[in-house]
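I sat down with this one to see what I could read off it before going back to the bench. My notes follow the order in which I looked things up.

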Amino acid sequence: MRARGYAARSAQTPLAPFQFERRTPGARDVHIRIDFCGICHSDIHAARNEWGGTLYPCVPGHEIIGRVVETGKDARRFKEGQRVGVGCFVDSCRVCSHCTAGHENYCEKGVTTTYGSLEADGKTPTFGGYSNLIVVDEHFVLSLPDGLDAAASAPLLCAGITTYAPLREAGVTRGSRVAVMGLGGLGHMAVKLAASFGAEVTVLSHSPRKAEDARRLGAREFVLADRPRALAGLAGRYDAIVDTISARHDISGPLNCLRREGTLILVGASPEPLAVSPFSLIAGHRTILGSLVGGMPQTQEMLDYCGSQGITSDIEMTPPDRINEAYDRACSGDVKYRFVIDCAQF
Ligand code: NAP
Ligand code: ZN
Ligand code: ZN
């Protein structure tokens, strides 16, 4: 099937219109008309080859919301017209211990990402959600709860689950003290989710203009973390810190803000290594926990939870022909707090 979208052809060129083929839906596939797709900072890292290894042409996008057009004869989980989501993965081996435990994101054979991977045949590239349609095995399709705004739900498929999963794993609950580093797409979801779990949330930011929003999103405190001695008064305070920063930054100072046995949840994927002072870990018996999105069962759990609480993302809509501008604005922190592409315009 012919699909229309936007692709980066190289690390240096802006994204531009691109037509490509999607497979004809197989027996277990769902053919989805894409309505909305969020712009995650990972899309920008990938399109610009900041992590290395990007396959071009690259059609980014893994925060996908759409409607089912048709289903294969053995695909029974979804009905025509149903509102559905697709996140960061579209396939995995299904038999390893991680896949069978519902942690497809950590598949031992390597998960097939929604874009920038090769399909199981080892040769067909995957193309993401900056497009008008997609065909996905029903196992990797999620149901969007009624009542949630479709466009504002798109970022739940990555920013939402990437913060929900480790907040749950770290046991964040009523009365927990949580700090969130970086108030961007992931950071603002971390604030909303942690606050909804009953945590007392502090935002550690380098952008003074975000103070008011931090409070509106559910934070009790806002600290300009890059000021000298800004963290001095916070030593030993937090049960968990969610680090969503997309570039190189200090983590030893924040580690010292954890209580004994506290956890720094690292989800931000700086292309450059982060330095750690061993004493910031050793002295407090602290942990750094890396976390990659979430598995399919937990992603559905997160969507259902957001449905029950009325939680979505704060978004700004963009048409396809302004994606490059949106990338530049996202990189300068000029978005409240996630761009979502109107995919009906592809
Ligand atoms: P984003 O919307 O651009 O937000 C990143 C935030 O980091 C910014 O809003 C800014 O917050 C802060 N920041 C940026 N540059 C900084 C710098 N040089 N020094 C200090 N703070 C800085 O990005 P996002 O979409 O939330 O993604 C964040 C990171 O998570 C990216 O690296 C992305 O690739 C990664 N990611 C990881 C996963 C995973 O599974 N682990 C999933 C999705 C995304 P302030 O203005 O408040 O300081
Ligand atoms: Zn993402
Ligand atoms: Zn597997």
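These entries cover the ligand site, the cysteines, a few backbone oddities and some single residues.

**Entry 1: the model itself**

I reminded myself that I am looking at a predicted model. Every number below is computed from it.

**Entry 2: around ligand 1**

I began with the ligand and asked which residues come closest to ligand 1. The closest are Ser205, His206, Ser207, Lys210 and Arg338, out of 28 residues that surround ligand 1.

Next I went after polar side-chain atoms facing the ligand oxygens. His206 puts a polar side-chain atom 2.4 Å from an oxygen atom of ligand 1. For Lys210, I found an N or O atom of the side chain 2.6 Å from an oxygen atom of ligand 1. His41 also has a polar side-chain atom by a ligand oxygen, with 2.7 Å between the two.

How much of ligand 1 does the protein cover? I read 88% of the 930 Å² of accessible area that ligand 1 has on its own.

I then sorted the shell by element. Two elements, α1 (41-47) and α5 (185-196), give two or more residues to the shell around ligand 1. The most comes from α1, with 3 residues.

By class, I noted 14 polar, 12 nonpolar and 2 charged residues in that shell. Where do the shell residues come from in terms of domains? Domain 1 (2-158 + 294-345) and domain 2 (159-290) each supply at least three residues to the shell around ligand 1.

**Entry 3: Arg338**

Arg338 was on my list of residues closest to ligand 1, and I followed it up. Arg338 sits in strand β17. With a relative accessible area of 5%, Arg338 falls under the 20% cut-off and therefore counts as buried. Which side chain does Arg338 meet in a polar contact? It is that of Glu63, at 2.9 Å.

**Entry 4: cysteines**

I wanted to know how many disulfides there are. The count comes to 0. Cys343 is in no disulfide, and I found the nearest cysteine sulfur, that of Cys37, 5.4 Å away. A disulfide needs sulfur atoms within 2.5 Å, so the Cys343 and Cys37 pair does not qualify.

Is Cys343 buried or exposed? Cys343 is buried, at a relative accessible area of 1%. I also checked Cys40, which is buried at 3% relative accessibility.

**Entry 5: backbone oddities**

Before listing these, I jotted down the background: most residues other than glycine have a negative phi, and most peptide bonds are trans.

I came across a cis peptide bond from Tyr56 to Pro57, with omega near -5°. Pro57 is placed in the loop between α1 and β4 (64-71). I logged another cis peptide bond from Lys336 to Tyr337, where omega is near -20°. Tyr337 belongs to the loop between α10 (323-331) and β17 (338-342).

On the phi side, I wrote down Asn49, which has a positive phi of about 55° although it is not a glycine. Asn49 lies in the loop between α1 and β4 and is partly exposed at 29% relative accessibility.

Glu261 also has a positive phi, about 70°, and it is not a glycine either. I located Glu261 in strand β14 (residues 258-266). Its relative accessible area of 38% makes Glu261 partly exposed.

**Entry 6: Asp250**

Where is Asp250? I found Asp250 in the loop between β13 (238-243) and α7 (252-255). At 47% relative accessibility, Asp250 is partly exposed, because exposed would need over 50%.

I then looked at what its side chain meets. A polar atom of the Asp250 side chain lies 3.0 Å from the backbone nitrogen of Gly253. The backbone nitrogen of Ser252 is 3.2 Å from a polar atom of the Asp250 side chain.

For scale, I took the C-alpha distance from Asp250 to His62: 28 Å in space, with their positions 188 residues apart in sequence.

**Entry 7: Ile32**

My last stop was Ile32, in strand β3 (residues 29-38). Ile32 is buried, with a relative accessible area of 1%. I also took its C-alpha distance to Met1, which is 31 residues apart from Ile32 along the chain, and got 12 Å.

How values were computed
Residues numbered from 1 in each chain as written. Chains lettered and ligands numbered in written order. Predicted model: local features only at pLDDT ≥ 70, side-chain atom pairs only at ≥ 80, totals over all residues. Heavy atoms only, no water. Near = heavy atom within 4 Å. Polar contact = N/O pair within 3.5 Å; in protein donor to acceptor, adjacent residues only side chain to side chain. Areas by Shrake-Rupley, 256 points an atom, 1.4 Å probe, with all protein chains shown as cover. Helix = DSSP H or I, 4+ residues; strand = E, 2+ residues; numbered from the N terminus. Nonpolar A, V, L, I, M, F, W, Y, C, P; charged D, E, K, R; others polar. Domains from an automatic or database assignment. Buried < 20%, exposed > 50% of the residue type's maximum accessible area, 1.4 Å probe, protein only.
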